[in-house]
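Here's a quick briefing to read with the model open. Have a look at the sequence and the structure, then go through the points by topic.

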Amino acid sequence: AFNGTWKVDRSENYDKFMEQMGINLVKRKLAAHDNLKITLEQDGDKFHVKEVSTFRTLELDFTLGVAFEYSLADGTELSGSWVMEGDVLKGTFDRKDNSKTLTTVRKIVGDELVQSYNYEGVEATRIFKRA
Ligand code: MYR
């Protein structure tokens, strides 16, 4: 169900979330228009991800339940994993610089992919449509 290419359509509270993450105003303004596109290919427990935005293009692989490293566009390094609960992908990632935890959830709602993020009590949502 997650398979395919998803293009961000709108975001909710993303600026506040990035502020909580410690991202400065200039970068937040740029990130608000990042044109993020994510391609997901699931094969059993394995996922291949392609991420394209105004900041960068990257590809990565992960296996459900297996920790991997991921860097945000500003260089913040995370380590964590995704698990599948029912039809929902749940990610738990720890920042390497301060050990604080970012949680994120991906689910399909109607014909949209809804990804929510939580960091230190601040939640944001980004909603993607099929590209
Ligand atoms: C993936 O499945 O796309 C790769 C792993 C994603 C890890 C967690 C993503 C958190 C992104 C937070 C972005 C907010 C920047 C302040």
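Helices and strands here are DSSP runs, numbered from the N terminus: a helix is H or I over at least four residues, and a strand is E over at least two. With that naming, Leu 36 falls in the loop between α2 (25-31) and β2 (37-43). Keep in mind that this is a predicted model. The main topics below are the ligand site and the salt bridges.

**The ligand and its pocket**

- Where does the ligand sit? You'll find the ligand in the largest pocket.
- The protein covers 92% of the 480 Å² of accessible area that the ligand has on its own.
- There are 16 residues around the ligand, and Phe 17, Ile 23, Phe 62, Trp 82 and Arg 106 come nearest.
- Two of these have polar side-chain atoms to check against the ligand: a polar atom of Arg 106 is 2.7 Å from a ligand oxygen, and for Trp 82 a side-chain N or O atom is 3.0 Å from an oxygen of the ligand.
- Which elements give two or more residues to the shell? They are α1 (14-20), β4 (57-63), β5 (68-71) and β8.
- Helix α1 makes the largest contribution to that shell, with three residues.

**Salt bridges across the chain**

- Side chains of opposite charge can pair when their charged atoms come close.
- Counting a Lys or Arg side-chain nitrogen within 4 Å of an Asp or Glu carboxyl oxygen, the model has 11 salt bridges.
- One of them pairs Glu 77 with Lys 96, with the closest N and O atoms 3.7 Å apart. This pair ties together distant parts of the chain, 19 residues apart: Glu 77 belongs to strand β6 (residues 77-85), while Lys 96 is in the loop between β7 (88-95) and β8 (101-109).
- Both partners are partly exposed: Glu 77 has 40% relative accessibility, and Lys 96 has 41%.
- Another bridge joins the side chains of Lys 100 and Glu 120, at 3.6 Å from N to O. Here the partners are 20 residues apart and sit in two loops, Lys 100 between β7 and β8, and Glu 120 between β9 (112-119) and β10 (122-130).
- Lys 100 is partly exposed at 36% relative accessible area, and Glu 120 is partly exposed too, at 42%.

**A bridge with a buried partner, and its network**

- Glu 112 and Lys 129 meet through their side chains in a salt bridge of 2.6 Å, N to O. The link runs from strand β9, home of Glu 112, to strand β10, home of Lys 129, and spans 17 residues.
- Is Glu 112 buried or exposed? Glu 112 counts as buried because its relative accessibility is 12%, under the 20% cut-off.
- Its partner Lys 129 counts as partly exposed, at 35%.
- Which residues share a network with this pair? Through shared salt-bridge partners, Asp 9, Arg 10, Glu 112 and Lys 129 form one network.

**Back to Leu 36**

- Leu 36 has a relative accessibility of 8%, so this loop residue counts as buried.
- How far apart are Leu 36 and Met 84 in sequence and in space? They are 48 residues apart in sequence, and their C-alpha atoms are 23 Å apart in space.

Conventions:
Residues are numbered from 1 along each chain as its sequence is written. This is a predicted model: local features need pLDDT of at least 70, side-chain atom pairs count only at pLDDT 80 or more; totals for chains, interfaces and linings use all residues. Side-chain values use heavy atoms; hydrogens and water are left out. Buried means under 20% relative accessible area, exposed over 50%, partly exposed in between (1.4 Å probe, protein chains only). A residue is near a molecule or strand if one of its heavy atoms lies within 4 Å of it. A polar contact is a pair of N or O atoms within 3.5 Å; within protein, one must be able to donate a hydrogen and the other to accept it, and residues adjacent in sequence count only if both atoms are side-chain atoms. Accessible areas come from the Shrake-Rupley method with a 1.4 Å probe; for residues, only the protein chains shown count as cover. On a 1 Å grid over the protein atoms alone, a cavity is a set of points where a 1.4 Å probe fits but cannot get out, and a pocket is an open set with protein on both sides within 12 Å along at least five of seven lines; lining residues have an atom within 4 Å of a point. A molecule sits in a cavity or pocket if more than half of its atoms lie within 2 Å of its grid points.
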